[in-house]
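Visitor: Could you take me through one part of this model closely, and then set that part in the context of the whole chain? I would like a connected account rather than a list.

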Amino acid sequence: MTPLEWLAVVLAAGGVFFGFVTAVGLVRLPDVYTRSHAASKSDTLGSVLSLAAVAIALQSGIATIKALLLLLFLFLTSPTAAHAVTRSAEDQGIEPWTRDSEGDE
């Protein structure tokens with residue numbers, strides 16, 4: 001394997017790891033605000049690492065440019081979507097989880 005192929009493998013493995021972290025965060029965290037945080041941060045990083053691996057693995061001009069444009073799109077839309085979800089939750093009156101509210105459930 002060439003060094004670029006190793007780099008693509010490492011980036012893809014990082015993408016899989018952060019995708020797993022996102023899934024665990026969505027299952028384990030207690031409310032919409034913390035779940036949105038887990039989804040936006042680690043999912044964006046996992047997707048970016050995976051797309052970087054794709055861009056390196058393809059090594060062709062137009063495909064690499066498309067992968068880089070997808071990276072830019074993810075950087076713009078993922079935090080915006082997370083903000084919209086949490087703003088909507090706040091508008092609906094959903095209270096953030098606290099240790100005090102843990103005993104109520």
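**A close look at the turn after helix 2**

Guide: Of the 105 residues of the chain, 27% count as buried. The model is a predicted one, and the chain holds four helices and zero strands, with its elements running α-α-α-α from the N terminus on. The radius of gyration of the chain is 17 Å, well over the 13 Å that the globule rule gives for 105 residues, so the chain is more spread out than a compact globule. Taken along the principal axes, the box filled by the C-alpha atoms is roughly 55 × 25 × 10 Å.

With that frame in place, we can turn to the part to be examined closely. Helix 2 has 27 residues and spans 37 Å from its first C-alpha to its last, which is close to the 39 Å expected at 1.5 Å a residue. Helix 2 is followed by Gln59, a residue found in the loop between helix 2 (32-58) and helix 3. Most residues other than glycine have a negative phi. Gln59, however, has a positive phi of about 50° although it is not a glycine. Gln59 also counts as exposed, because its relative accessibility is 53% and the cut-off for that class is over 50%.

Beyond this loop comes helix 3, which covers residues 61-91 and includes Ile65. Ile65 counts as partly exposed because its relative accessibility is 46%, and it helps to make a nonpolar surface patch of about 520 Å², together with Ile62, Leu69, Leu72 and Leu76. An α-helix has 3.6 residues a turn, so residues three or four places apart point the same way. That general point is useful to keep in mind when looking at the numbering of Ile62, Ile65, Leu69, Leu72 and Leu76 in the patch.

For comparison, one may look at the aromatic side chains. A search of the whole structure finds one aromatic pair, formed by Phe17 and Phe18, whose geometry is edge-to-face, with 5.1 Å centre to centre and 75° between the planes. Both partners can be placed by their accessibility: Phe17 counts as partly exposed because its value is 48%, and Phe18 is partly exposed as well, with a relative accessible area of 24%.

To return to the part you asked about, the loop between helix 2 and helix 3 holds Gln59, whose phi is positive, near 50°, and whose side of the classification is exposed, at 53% relative accessibility.

Terms used: Residues numbered from 1 in each chain as written. Predicted model: local features only at pLDDT ≥ 70, side-chain atom pairs only at ≥ 80, totals over all residues. Heavy atoms only, no water. Patch = residues over 30% accessible without salt bridge, like charges linked within 9 Å, V, L, I, M, F, W, Y side chains within 5 Å. Areas by Shrake-Rupley, 256 points an atom, 1.4 Å probe, with all protein chains shown as cover. Salt bridge = Lys/Arg side-chain N within 4 Å of Asp/Glu carboxyl O. Helix = DSSP H or I, 4+ residues; strand = E, 2+ residues; numbered from the N terminus. Buried < 20%, exposed > 50% of the residue type's maximum accessible area, 1.4 Å probe, protein only. Phe/Tyr/Trp six-rings, centres within 6.5 Å; stacked < 30°, edge-to-face > 60°. Expected span 1.5 Å × (residues − 1). Rg over C-alpha atoms; globule rule 2.2 N^0.38 Å.
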